[in-house]
Structure formats: structure tokens, C-alpha cells
Amino acid sequence: MNEKTEELRDIFTDVTDGEETVTQSQEDTRGSLERDDRTVKERLENVITQMQERYEFETDLSTDELSIVAESFYEDEYDEEIAADLGVEPDEVFEARMSLHLVSNDDADEVDLAAIRNREEDNATLATEYDVSEADIRRYRRVAVAEDESRTANDRYRDEFDSILADADLSAQMTTDVREDGLEDATEGMETDVDF
């Protein structure tokens, strides 16, 4: 050993109270596809509560019911189906979705939202211009407001819903696939039709 190596060894033994080696115990931990210890329901309620504190919700639905609206939206259910499950009107579900910034592509597919977003004409004038009902114009304007709110928040809440609900589905699917693949590998080549 050269002089520098001996100095380093002496420093090491001084620091480690004279022990010549230090071994840190290691533990093999199993990985998990879940990133958060909280349940999907708890995470959803947290996001919804944050949104309720920031925005005025024009819905009488409870936080649990709003969670159901969000989950059902990510399961591609229509407002009518969600409303039937909750025992409310489809318009109430639509308003809840808009409050949660859950806008689907079908919500305003008949009109250019950018074109009506800042128009000051009344609903009747726009309805005539776009050949739709006044109720449709009110609906489109509500969609535009929801998109603006979401954009102002940098789509943060929508991204959180995506993370919670889309990732939960992906995680469940991946876990199922891993189990199935593991079982296939374990039973490959085995005779499964054995007659005793």
C-alpha cells in the first residue's frame, strides 16, 4: 500500500470506530405499480375538494357523487347513464362535469367554441346563426367557460384526473397481465389434462 492509501484506511477506521469493513444490510423490496398509498377514492376526493375551494360549483352533488361522475366519465359513460345511476337529471351531470373540467370531444362538436367564446350577441341570435337551439348555445358557452378555467389552471386538475383514473386502469391491466404472463410461464410445458 502506498502512503495515501494507508492514510485513507486510517481515516476510515477512525470514522467507523475501528471496524475494517462496513456492510449495510440490504432488503429486496418488491416493486409496485401503485405510486401513491392513498386509494383512488381518497385521491379523487382530494382533487375535487381543491377544485371546490377554488371554483364555485353550480351543482348540488356531493363529493362522493362527483367522484362517481369523474370515474364514469373515464369509463366513457354518457351523461344520461351517469344520471340514471345517481338518480339525477343529465343536465346536473353535465354541469358537474363542466365544474370538474371534464370536457369530452362530443360536448361542442357542432360549433367552433373559439368563434362563440367572446361573442356578445344573445343566445337567440347565435342559435339562429349556427342553426341550433338556444339551449345548445348555453351548453356550448358553458363548455367554453370550463375549457377556459381548465386552461387557466394549466389543465392541472384534468391532468390529475388523468393520473388517478387513467393510470389506475392501466395499473390494474398491467397487474393482471403480469399475473397472467407469470402463470403462463410457470405452467408452460406442463400436462394439464392428466387422468388419474
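**Close-up views of the predicted model**

Arg139 is partly exposed, with a relative accessible area of 27%. The structure shown here, as in the views that follow, is a predicted model.

**View 1. A salt bridge between Arg139 and Asp107.** The two side chains meet with a nitrogen-to-oxygen separation of 3.5 Å. Arg139 belongs to helix H8 (residues 134–152), whereas Asp107 sits in the loop between helix H5 (90–99) and helix H6 (113–117), so the contact ties together parts that lie 32 residues apart in sequence. Asp107 has a relative accessibility of 4% and is therefore counted as buried, for which the limit is under 20%. Arg139, at 27%, is classed as partly exposed.

**View 2. Helix H8 at Tyr140.** Tyr140 is part of helix H8. Its relative accessible area is 4%, so Tyr140 is buried. Which C-alpha atom, 24 residues away along the chain, is separated from that of Tyr140 by 8.2 Å? The C-alpha atom in question belongs to Ile116.

**View 3. The loop between H8 and H9, with Asn154 and Asp155.** Asn154 is placed in this loop, and so is Asp155. Asn154 has a phi near 55 degrees, which is positive although the residue is not glycine. For Asp155, too, phi is near 55 degrees, again a positive value in a residue other than glycine. Most residues other than glycine have a negative phi. Are the two loop residues buried or exposed? Asn154 counts as exposed, at 65% relative accessibility, and Asp155 is partly exposed, at 34%.

**View 4. A salt bridge within helix H9, Arg156 to Glu160.** The side chains of Arg156 and Glu160 come together at 3.3 Å, N to O. Both residues lie in helix H9 (residues 156–187), and because they are four residues apart, about one helical turn separates them. Residues three or four places apart in an α-helix point the same way, because there are 3.6 residues a turn. Arg156 is partly exposed, with a relative accessible area of 36%. Glu160 is also partly exposed, its relative accessible area being 24%. Elsewhere in the model, salt bridges with shared partners link Asp79, Arg97, Asp107 and Arg139 into one network.

**View 5. A salt bridge within helix H2, Lys41 to Glu45.** Lys41 pairs with Glu45, and the closest N and O atoms are 3.9 Å apart. The two residues are both in helix H2 (residues 40–54), with a spacing of four residues, or about one turn of the helix. Lys41 is partly exposed at 48% relative accessible area. Glu45 is likewise partly exposed, at 23%. A search of the whole structure finds 14 salt bridges.

**View 6. Surface patches that include residues of helix H1.** Glu3, Glu6, Glu7, Asp10 and Asp14 form a negative surface patch. Asp10 lies in helix H1 (residues 3–15) and is partly exposed, with a relative accessible area of 39%. What kind of surface patch do Leu8, Ile11 and Val15 make? Theirs is nonpolar, with an area of about 330 Å². Ile11, one of these residues, is located in helix H1.

**View 7. Helix H3 and the residue Asp76 just after it.** Helix H3 (residues 63–74) has 12 residues, which at 1.5 Å a residue should span 16 Å. The C-alpha atoms at its ends are 17 Å apart, in agreement with that expectation. Which residues of H3 are buried? They are Leu66, Ser67, Val69, Ala70, Ser72, Phe73 and Tyr74. Just after H3, Asp76 adopts a positive phi of about 60 degrees.

**View 8. The whole chain, for orientation.** The chain contains nine helices and zero strands. Along the sequence these elements follow the pattern α-α-α-α-α-α-α-α-α. The chain has 196 residues, of which 28% count as buried.

Note on methods. Residues are numbered from 1 along each chain as its sequence is written. This is a predicted model: local features need pLDDT of at least 70, side-chain atom pairs count only at pLDDT 80 or more; totals for chains, interfaces and linings use all residues. Side-chain values use heavy atoms; hydrogens and water are left out. Patches are made of residues with over 30% relative accessible area and no salt bridge: like charges are joined within 9 Å, nonpolar side chains (Val, Leu, Ile, Met, Phe, Trp, Tyr) within 5 Å. Accessible areas come from the Shrake-Rupley method with a 1.4 Å probe; for residues, only the protein chains shown count as cover. A salt bridge is a side-chain nitrogen of Lys or Arg within 4 Å of a carboxyl oxygen of Asp or Glu. Lys and Arg count as positive and Asp and Glu as negative; His and the chain ends are not counted. The place of a charge is taken as NZ of Lys, CZ of Arg, CG of Asp or CD of Glu. Buried means under 20% relative accessible area, exposed over 50%, partly exposed in between (1.4 Å probe, protein chains only). The expected span of a helix is 1.5 Å times one less than its number of residues.
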